[in-house]
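Hi everyone, thanks for making time this morning. I'd like to walk you through one model, helix by helix, and then finish with the cysteines.

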Amino acid sequence: MNWSNGRAVYMSLLRNLKAGKERIEVRQKICKEIADEAVAALLEEVELTPKPGLVDMRNNGSHLDLNIPMMRESAICLHDTFYKMADLHYDKSPTVLLREQFGAIGRIGEKRMYAVTNGVNTHKGAIWSIGLLCTAIARRKGDISFPQVLDDAAELAKLTDRLIPVQQTNGGNVKKKYGMPGAREEAQSGFPHIKNFSYPTYKKMRETRTSTVAKLLTLLALVSNLNDTCLAHRGGLEALDYAQKEAGKAIQNFSDEALFRLDDEFIKRWISPGGSADLLAATFFISNWISKNQRSVRYGEVDLYISGKSTHST
């Protein structure tokens, strides 16, 4: 090989190395943005007020063990979990191996959540639903559309995780007792309650209502249509039926006062639509991601303190 040929090979190698480094940097940037927006959606959900029976800025809803600071800290601690889920699935189609790795990351995230909350379940359902959406966005390298993102998430959710530990859950108990599908089936079916109710409602309401009202009407659309296993676990089918009917009435006669009254009634009956809250956060996540290029400032532009370090969205 003469000198000119050797130089050409060397320069080609340098270009390839530079291109590879740039691809890695782009991947890391997108995965970080996905995790930023995922955490921001959880914060957006918990801070929305008033939410019947749920933790918000007004009260702790039908919960003695939850509060706003705990919910915020829990959401922020999941940033690394969502980042790893996104990074694992970046530009990849679902496989059983990826499904099992996704599950392993989620279970580590649950342990981190429980460590932060002293054993209180704050976001277990969100780790599943938001986590699946993180993988779906990463699969398309951030370039998603609706409802394709839901179909992509469902594709992974349908695969078998042979490593899932055998354990009793509230959702599993409700399914066994009432034959009611839960969060797993919702995801495997392509999130029909996001596809048919919350996302269309949120998109339409934002055209004519304030941001807060649009969000609250979206929550009510979920509560009135979803067979929420959290409600059924707390109060049986009677509580579920009550919550669905009252949420429907609140949509028809919407006002802050009506929501305050409904919140008081949910607390009196000690019921909380946690499944609807998870899907509401998922709805914000998808909407925020799709619209982020049209916003001068992303909602996800928040300070996240991970492992003692401040990581600011850019």
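Before we start on the packing, one convention: when I say two residues are in contact, I mean that they have heavy atoms within 4.5 Å. And please keep in mind that this is a predicted model.

Let's begin with helix H6, residues 148–157. How many of the residues of H6 are buried? The count is 7 of the 10, so H6 is largely enclosed by the rest of the structure. If you'd like to find them on the screen, the buried residues are Val-149, Leu-150, Asp-152, Ala-153, Ala-154, Leu-156 and Ala-157. You'll notice an aspartate, Asp-152, in that list.

And what do these buried residues pack against? Going along the chain, their partners are helix H3 (79–89), helix H4 (96–117), helix H5 (124–139), helix H8 (183–188), helix H9 (192–208) and helix H13 (274–291).

Now let's turn to a pair of helices, H7 (residues 170–178) and H11 (residues 229–252). Their axes lie 9 Å apart, and the packing angle is about 60 degrees. H7 and H11 are therefore oblique to each other, and their crossing is left-handed. On the H7 side, the residues that meet H11 are Asn-170, Gly-171, Val-174 and Tyr-178. H11 brings Thr-229, Ala-232, His-233, Gly-236 and Leu-237 to the contact. Sorted by class, that makes 4 nonpolar and 5 polar residues, with no charged ones.

The spacing along H11 may look familiar to you. An α-helix has 3.6 residues a turn, so residues three or four places apart point the same way.

Next, a quick stop at Glu-265, in helix H12 (residues 256–269). Is Glu-265 buried or exposed? Somewhere in between: its relative accessible area is 28%, so Glu-265 counts as partly exposed. Its C-alpha atom is 9.8 Å from that of Glu-246, and the two glutamates are 19 residues apart along the chain.

Last, the cysteines. How many disulfides does a search of the whole structure find? The result is 0. Take Cys-77, which is in no disulfide: the nearest cysteine sulfur belongs to Cys-134 and is 14 Å away. Cys-77 is also buried, at 13% relative accessible area.

Why is Cys-134 not bonded either? The closest cysteine sulfur to that of Cys-134 is in Cys-31, and at 9.2 Å that is too far for a bond, because a disulfide needs the two sulfur atoms within 2.5 Å. Cys-134 is buried as well, with 0% relative accessibility.

That's my tour, and I'm happy to take questions.

Key:
Residues are numbered from 1 along each chain as its sequence is written. This is a predicted model: local features need pLDDT of at least 70, side-chain atom pairs count only at pLDDT 80 or more; totals for chains, interfaces and linings use all residues. Side-chain values use heavy atoms; hydrogens and water are left out. Axes are lines fitted to C-alpha atoms, for helices over the stretch in contact, and angles run from 0 to 180 degrees between N-to-C directions. Helices (H or I, at least four residues) and strands (E, at least two) are DSSP runs, numbered from the N terminus. Angles under 35 degrees count as roughly parallel, over 145 as roughly antiparallel, 65 to 115 as roughly perpendicular and the rest as oblique. A crossing is left-handed if the near helix is turned anticlockwise from the far one by less than a right angle, and right-handed if clockwise. Ala, Val, Leu, Ile, Met, Phe, Trp, Tyr, Cys and Pro count as nonpolar, Asp, Glu, Lys and Arg as charged, and the others, Gly among them, as polar. Buried means under 20% relative accessible area, exposed over 50%, partly exposed in between (1.4 Å probe, protein chains only).
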